[in-house]
Amino acid sequence: MRITGDNVYFCGTVYDGAKAFIGHVSITGLISSTPTIYYYYLDQYSSVLKRLVAYDFNGKQKVVAVGTHHFINNGVFTCPYDPVYHPYTCKCYFVVEGDFYNESLLNYPNIPYLATNDTYHNEDITEVIETPNYVALVGHYYEVNSPVIHPCQKGNVLGSFPNNGHYYPSAPEEGHSDYHGCVMNGDTIAVASLSSYFDGMGMVQFSTNVRVFDLASMTNTEAQMVPLNTKSEPYDLVYMPDKGRLVLLQDICLPPHPCDQNMFMHLEPYTPAPYVAKCWYESHWNKPFYSLDRLSGDYYLAAGGQYWCMKELMNINSGGCYIPDNINVQALNTLPFITFTHSYINKTPNISKSPAYIYVGGSIRQECF
């Protein structure tokens, strides 16, 4: 969910079928008696849109989203794996770029669609991050087993995607999960994924690897590792510019606490590792949280469903409902980048439009807003 002015854009999948959508609602409309939500369904070659950015550009709003489509062989996309022995790995990763003016999709019904994997090339693009000068599309490049980033032009994201590929050959195994990231200062971004490494006994252990990239030079400027003692995907990552900290939200096994705890970890990306980072988890209700966002000053917000919490970054003292602790953050080597180009599949999916109204028992549930 992203906000530009009075416009709220969000994405997901319909619950009764494999059909991705982009939605819109206005903030002023949410306080009216009959708020209208508009849905644009990508009803061809799309199952879900997972992440999006929205920003103002030349008098309109740009919405760029990443998603997936599960298939065997559908006549348009060929499964890059053997569909007989690996039927659930036939997945197309794609990016869409919509031009909106409030609730109106200006390039309706021909929103462009770009697939990032095929029989000969396999990029799992799972994150999109907007910075002042770029839209970064981030994922895993399977042929070379490394993180991949496309720093795209904000006015022509899909058009600049093919000639803007950068991958980072990595010694540790990264990208076991989707990549999750956030914008930092200027055109720097931070990304995190479930990763693995060999310990001193030669045994495979799991970690979350966090890397900072400068999009202007495509340099991996910082790299750190959080040991997990479990296998879990990062939920979210947010940057707190006033203190130069990253807050990582993820389930983690951190003895002597019961495993696995839904932990908030305060990382210091500009402090040379190893160092000790502060962390905490909610202990009263044991409610999990799944997303983060920054509020004003040193406050951040976490949501987990029909509940949320607000936390002040520097207040890590033990309280009645949360438990503080520390975690040892390890150093990682930064990685050089290699550029590449590739011809990607471009399609124009069928788009259907539907307004919807929020009613529960004939009345608006204002508390939901």
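**Questions on a predicted model: disulfide, sheet and cores**

A disulfide joins Cys-253 to Cys-259, with an S to S distance of 1.9 Å. The model discussed here is predicted.

Me: How many disulfides does the structure hold?
Reply: A disulfide requires two cysteine sulfur atoms within 2.5 Å. Cys-253 and Cys-259 meet this requirement, with S to S 1.9 Å. The number of disulfides in the structure is one.

Me: Is the link of Cys-253 and Cys-259 right-handed or left-handed?
Reply: The handedness is given with the angle about the S-S bond. For Cys-253 and Cys-259 that angle is 55 degrees, and the link is right-handed.

Me: Why does Cys-259 count as partly exposed?
Reply: A residue is buried under 20% relative accessible area and exposed over 50%, with partly exposed in between. Its disulfide partner Cys-253 counts as buried, at 12% relative accessibility. Cys-259 counts as partly exposed because its relative accessibility is 45%.

Me: Is Cys-309 buried or exposed?
Reply: The limit for a buried residue is under 20% relative accessible area. Another cysteine, Cys-279, counts as buried at 0%. Cys-309 has a relative accessible area of 16%, so Cys-309 is buried.

Me: Which residue has a side chain joined to that of Arg-211 by a polar contact of 2.8 Å?
Reply: Arg-211 is placed in strand S16, residues 204-214. Arg-211 is buried, with a relative accessible area of 2%. Beyond its sequence neighbours up to four places away, Arg-211 touches several residues, including Pro-172, Glu-174, Ile-189 and Glu-222. The side chain in the 2.8 Å polar contact with that of Arg-211 belongs to Glu-174.

Me: Which residue offers the backbone oxygen that the side chain of Arg-211 reaches at 2.9 Å?
Reply: When residues up to four places away in sequence are not counted, those touching Arg-211 include Leu-332, Asn-333, Thr-334 and Leu-335. The backbone oxygen reached at 2.9 Å is that of Asn-333.

Me: What distance separates the C-alpha atoms of Ala-65 and Arg-51?
Reply: Ala-65 lies in strand S6, residues 60-70, and is buried with a relative accessible area of 0%. Its contacts, leaving out residues up to four places away, are Leu-49, Arg-51, Leu-52, Phe-94, Val-95 and Val-96. Ala-65 and Arg-51 are 14 residues apart along the chain, and their C-alpha atoms are separated by 5.6 Å.

Me: Which are the edge strands of the open sheet S10-S11-S12-S13-S26?
Reply: Five strands form this open sheet, with antiparallel pairing. An edge strand here pairs on one side only. The edge strands are S10 (123-130) and S26 (338-340).

Me: Why is strand S12 largely enclosed by the rest of the structure?
Reply: S12 is joined to strand S11 (residues 135-141) by seven antiparallel bridges. S12 also pairs with S13 in the antiparallel sense over two bridges. S12 is largely enclosed because, of its seven residues (146-152), the number buried is seven.

Me: Which residue in the turn between S11 and S12 has a positive phi?
Reply: S11 and S12 form a hairpin with four residues between them. Within the paired strands, Leu-137 stands opposite His-150 in S12. The turn residue with a positive phi, of about 50 degrees, is Asn-145.

Me: Which residue in S26 stands opposite His-166?
Reply: Strand S13 (residues 165-167) and S26 pair in the antiparallel sense over three bridges. Elsewhere in S13, Tyr-167 is the bridge partner of Val-148. The residue in S26 opposite His-166 is Thr-339.

Me: Which strand supplies the largest share of the largest nonpolar core?
Reply: This core has 24 residues, and those with the most contacts inside it are Val-226, Leu-246, Met-265, Leu-267 and Ile-327. Strands that each supply at least two residues include S15 (188-198), S19 (245-252), S20 (261-267) and S25 (322-331). The largest share, four residues, comes from S21.

Me: Which cysteine is in contact with Met-265?
Reply: Neighbours within four places in sequence are left aside here. Val-226, Leu-246 and Ile-327 are among the residues in contact with Met-265. The cysteine in contact with Met-265 is Cys-279.

Me: What percentage of the residues of the chain count as buried?
Reply: The chain has two helices and 28 strands. Among contacts between residues at least 6 apart in sequence, 55% join residues at least 24 apart. Of the 369 residues of the chain, the share that counts as buried is 51%.

How values were computed: Residues numbered from 1 in each chain as written. Predicted model: local features only at pLDDT ≥ 70, side-chain atom pairs only at ≥ 80, totals over all residues. Heavy atoms only, no water. Buried < 20%, exposed > 50% of the residue type's maximum accessible area, 1.4 Å probe, protein only. Polar contact = N/O pair within 3.5 Å; in protein donor to acceptor, adjacent residues only side chain to side chain. Contact = heavy atoms within 4.5 Å. Pairing = 2+ DSSP bridges. Core = buried A, V, L, I, M, F, W, Y, C linked by side-chain atoms within 4.5 Å.
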